[in-house]
Amino acid sequence: MTTKRRKDTAPASIDAEVVVVGGGAAGLTLAAALGTAGVETVVVDREPVAARAAPGEGDRTTALTYGSVKVLQGIGAWDGMADEAAAVLSLHIADNWSPLVLQVEPADIGDHPYGYNVDNGAIRAALLDRIDALPSVRHLAPAQVVGFDRDGARIVASTADGTALRGQLLVGADGRESPTRAWSGIPVRRWQYDQVAIVCTLRHERPHQGVAVEHVMPSGPFALVPMPDLPDGDHRSAIIWCERRADAPAYLALPREAFEDELQRRCGDRLGRVRQVGRRFNYPLSGLHARRYVGDRLALMGEAAHAIHPIAAQGLNLSMRDAAALAEVVADARRLGLDIG
Ligand SMILES: Cc1cc2nc3c(=O)[nH]c(=O)nc-3n(C[C@H](O)[C@H](O)[C@H](O)COP(=O)(O)OP(=O)(O)OC[C@H]3O[C@@H](n4cnc5c(N)ncnc54)[C@H](O)[C@@H]3O)c2cc1C
């Protein structure tokens, strides 16, 4: 994978067909999909590019369904991340510590893995590389969009440094607190879960054999998701451990040995001795749903439109569907000479 990066020097005005606010995984996927279809696109993110592109750290991963992998293949971004992906060959789901396990095997879903668990830095780096290679896509970062206006058949988004981004369609891919959604006056329904997701990486003695495991506990789901082996042969899995909000801080503060004992208790002996490596992350869990996804020359996607509990690992997978569907609608309208907004 190449890691070339660019920071465009912003001119006073940029004309495109589509302006995408937010260059997280959702916005970058849409930009790559639009660019693959030849649509003039500018994607803008307020964070510097380097701040979030660190492939191979293995600190956090995302489980992508086979459908998402097909989308990424279709837009030419999959090969750039495939080396940092572990195939999920089957799912084992248990109620609490019940010995009865619901098994989903490849034969149940078709002649392919259920999906792949991919390093987040690798997803981002591969999408950025793909965008770099697409002549019809510009990536501006860091550049913060501070508002937008309508100008006849155009929409004009303004950045903090005074650049005007003109397009026929504005897409808000700017995350849970989406400024684009707020400026559009689209109401949003929000809810809280009484849970915090504790996320970390494990090294373990025995191979995971491509099995993802989820124990559905009273305090929240505890999931083990395969990661690629390290070059030294060490086996790895990602942990997503959802715990009650009141109890999570105490677990997070445990010294390494006691924390590993808690993990071992939850993992059982299938993987042999487990060790925690890297950082411990924590995410207070909540959800949201925008009342509308579209407006006049405007569309919302990704977590700007919908955010859900990680229990089924579907958040970004839904956003990949958003990207594929939106790019298809735009490309079709453009091909027919229609107004894409
Ligand atoms: C613990 C956990 C585990 C998860 N596991 C999975 C999984 O296994 N599989 C899965 O599919 N999903 C998973 N998810 C969900 C997934 O992580 C999210 O859906 C996804 O990261 C959201 O991406 P996004 O691009 O929509 O939003 P974000 O990543 O929030 O990106 C929004 C971007 O918009 C930019 N922005 C905001 N405002 C502006 C502005 N004014 N101007 C310019 N830029 C702006 C921000 O800088 C940011 O880069 C998980 C979530 C959690 C919490």
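Which residues make up domain 1 and domain 2 of this chain? Domain 1 is assembled from three stretches of residues, 13-85, 118-190 and 287-335, while domain 2 covers 193-286. Keep in mind as you look around that this is a predicted model.

**Overall build**

Let's start with the whole chain. Eight helices and 21 strands are found in it. Its radius of gyration is 21 Å, close to the 20 Å that the globule rule gives for 341 residues, so the chain is as compact as a globular protein of that length. Along the principal axes, the C-alpha atoms fill a box of roughly 65 × 40 × 35 Å.

**Where the domains meet**

Now to the two domains. Their C-alpha centres are 30 Å apart, and the contact between them draws on 16 residues from domain 1 and 18 residues from domain 2. The size of an interface is often given as the accessible area lost when the parts come together. Here that buried area is about 1,300 Å², with carbon and sulfur atoms giving 55% of it.

What kinds of residue does domain 1 bring to the side that touches domain 2? That side has six nonpolar, four polar and six charged residues. Even with those six charged residues, zero salt bridges are found across the interface. Three residue pairs are in polar contact there.

The main values for this interface are gathered here.

| Feature of the interface | Value |
|---|---|
| Area buried between domain 1 and domain 2 | about 1,300 Å² |
| Share of that area from carbon and sulfur atoms | 55% |
| Salt bridges across the interface | zero |
| Residue pairs in polar contact | three |

**A salt bridge to look for**

Salt bridges do occur in the structure, which holds 16 of them. One of these joins Glu 177 and Arg 190, whose closest N and O atoms are 3.1 Å apart. Glu 177 lies in the loop between β13 (169-172) and α5 (179-184), and Arg 190 in strand β14 (residues 188-204), so this pair ties together parts that are 13 residues apart in sequence.

**Two backbone details**

Most residues other than glycine have a negative phi, and most peptide bonds are trans. Two places in this chain are worth a look with that in mind. From Ala 141 to Pro 142 the peptide bond is cis, with omega near 0°; Pro 142 sits in the loop between β9 (137-140) and β10 (145-151). Asn 96, a residue other than glycine, has a positive phi, near 55°. You will find Asn 96 in the loop that runs between β6 (90-95) and β7 (101-104).

Methods. Residues are numbered from 1 along each chain as its sequence is written. This is a predicted model: local features need pLDDT of at least 70, side-chain atom pairs count only at pLDDT 80 or more; totals for chains, interfaces and linings use all residues. Side-chain values use heavy atoms; hydrogens and water are left out. Domain bounds come from an automatic or database domain assignment. Contact means heavy atoms within 4.5 Å. Buried area is the accessible area (1.4 Å probe) that two parts lose on being put together, summed over both. A salt bridge is a side-chain nitrogen of Lys or Arg within 4 Å of a carboxyl oxygen of Asp or Glu. A polar contact is a pair of N or O atoms within 3.5 Å; within protein, one must be able to donate a hydrogen and the other to accept it, and residues adjacent in sequence count only if both atoms are side-chain atoms. Ala, Val, Leu, Ile, Met, Phe, Trp, Tyr, Cys and Pro count as nonpolar, Asp, Glu, Lys and Arg as charged, and the others, Gly among them, as polar. Helices (H or I, at least four residues) and strands (E, at least two) are DSSP runs, numbered from the N terminus. The radius of gyration is taken over C-alpha atoms; the globule rule is 2.2 Å times the number of residues to the power 0.38.
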